[in-house]
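Open the model in your viewer and keep the selection box handy. We will go from stop to stop, picking residues as we go.

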Amino acid sequence: MIRLKAGRERSLAHRHPWIFSGAIEAVEGNPAAGATVEIVAADGTFLARGAYSPSSQIRARVWSFDPQQPVDGAFFASTVARACAARRPLLDDATAACRLVHAESDGLPGVIADRYADVLVLQILSAGAEYWRDAIIAALRDATGARCIYERSDADVRTLEGLSARTGVVEGELPPSVEIVEAALRYGVDVVHGQKTGFYLDQRDNRAIVGAQSHGRRVLNAFCYTGGFTLAALAGGAASVLSIDSSAEALRIARDNLARNPQLDAARASWSEADVFAELRELRNRSAQFDLIVLDPPKFAPTEKHVPNAARAYKDINLWAMKLLAPGGHLLTF
C-alpha cells in the first residue's frame, strides 16, 4: 500500500493517473516492481489501485479508481477490448492502420499498440505493463485477431522504469514486408527498425490537410522521413514536392513508398539527402520559394536539459521556412 502525504491526493481526485515520489508519505510492505498496490490518502481513504515502480520518479501509475475493480487478467481483457472497439471505426478498406491502445488515454499506462494491417506492434513502457505483459498480449490477441504481434519495447523511457530493451515477435510470424493503406495510399512500414513503432500514425489527419492544401502548389517537405506528407501532397495534386531528410535509409523507403503508388506522378517529386538546417539556408541563398512548407522535425529535447538548445533549433527552422514561403503561402509546422 502507498500512503500519500496530506493534501497530495488532489491530482488523483481529478483523475490524474500518476503518483510522483514526492507525494508519498510511506510505502507499506515491500512491493515488487510492477506489482499492484492500493493508493490511499493520508487519512486512509481509498483513492486508486496502481502499479508500483521503485526505479521511477513516477512511483505509481493508476490502473483503476474503482475500489471494487480487481486488477487481474479479466481487467486487462476488458480494458484492451474496449480500447480496440473504440478505434474500429478508424479502420476500413481505405485505411488499414491506426493506434488501438494509447496508454493512459485508455486506462493502460505504459501500453502502446499500433495496428498495421494484420500486424500489431506493441510497446511495453512501464513497470506495471511489464508485470502484466503476458495478460496484455493475450488480451490484444483476442481483441484483434492479428496474425502477428511484434514487440518494440526499445524506447529510452524503459530505462527510467528499471527495464532493459526488448524486441521481437511474441505471437504469430512477421511477414517479409508490412504494407498499409491510408487514404488509398500505400506505405511500407519497417516495424523492426523504423522510428517509434514504424510509422507516424498520429499525423494521419495532418496528412489529409496537406493533401487538401497542395493542389497546384510548390511543396517543401522538411524532415520527410519515409514520405508520408510527400505522398499526400502528390495525391492532392501538388505541382512539385521537394523532400529533405538526413537519413539515406528513410529516403530509400520514401522512394519505395512512391513506387508503391503508380497513380502518383513521380516526376513531380525530388529528394535531397542533407542536413535540413543547412539545406533550408542554402535554398534561401538560391532565392527558392514554396507555396506550402511542412516542418515535421524529430524530437530535439529528449530531456529538460536539452530544452534551451531545442528552442533555438525550432526557432531556426521556422524562421528559415518563413523566409522560403511565397506570398500567400502556408507553413504547417509540427
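Start by selecting K315 and M322: these exposed residues sit on the face of helix 10 that is turned away from its buried side. Bear in mind throughout that this is a predicted model.

Now widen the selection to the whole of helix 10, residues 307-324. Its 18 residues should span 26 Å at 1.5 Å a residue, and the end C-alpha atoms are indeed 26 Å apart.

Next, colour the buried residues of helix 10: A310, A313, I317, N318, W320, A321 and L324. They cover an arc of only 165° around the axis, which puts them on the same side of helix 10. What do they pack against? Show strand 14 (218-222), helix 9 (276-285), strand 17 (290-295) and strand 18 (325-333), and you have the partners of the buried residues of helix 10.

**On to helix 8**

Select residues 248-259 for helix 8, which has 12 residues. From first C-alpha to last, helix 8 reaches 17 Å, close to the 16 Å expected at 1.5 Å a residue. Its buried residues are A250, L251, I253, A254, N257 and L258. They lie on the same side of helix 8, because the arc they cover around the axis is only 160°. To see what they pack against, add strand 13, helix 7 (228-235), strand 15 (240-245) and strand 16 (269-273).

Stay with L258 for a moment. Leaving aside residues up to four places away in sequence, L258 touches L231, L234, L264, A266, A269 and W271.

**The nonpolar cores**

L258 also leads into the largest nonpolar core, a set of 31 residues. Select it together with Y116, I180, V189, F199 and V210: these six have the most contacts inside that core. Among the elements giving two or more residues to this core are strand 9 (119-124), strand 12 (178-182), strand 13 and helix 8. Helix 7 gives the most, with four residues.

A second, separate core has 25 residues; select W63, V71, A83 and V111 to see some of its members.

**Last stop: T197**

Where does T197 sit? Look in the loop between strand 13 (185-189) and helix 6 (204-213). T197 is buried, with a relative accessible area of 0%. Display side chains here and you can trace a polar contact of 2.6 Å from T197 to the side chain of D114. Beyond residues up to four places away in sequence, T197 touches D114, Y116, V121, Q123, R152 and V191. Y116 should look familiar, being one of the residues with the most contacts inside the largest core.

Key
Residues are numbered from 1 along each chain as its sequence is written. This is a predicted model: local features need pLDDT of at least 70, side-chain atom pairs count only at pLDDT 80 or more; totals for chains, interfaces and linings use all residues. Side-chain values use heavy atoms; hydrogens and water are left out. Buried means under 20% relative accessible area, exposed over 50%, partly exposed in between (1.4 Å probe, protein chains only). A polar contact is a pair of N or O atoms within 3.5 Å; within protein, one must be able to donate a hydrogen and the other to accept it, and residues adjacent in sequence count only if both atoms are side-chain atoms. Contact means heavy atoms within 4.5 Å. The expected span of a helix is 1.5 Å times one less than its number of residues. The arc is that of the directions from the helix axis to the C-beta atoms. A nonpolar core is a set of buried Ala, Val, Leu, Ile, Met, Phe, Trp, Tyr and Cys residues joined through side-chain atoms within 4.5 Å.
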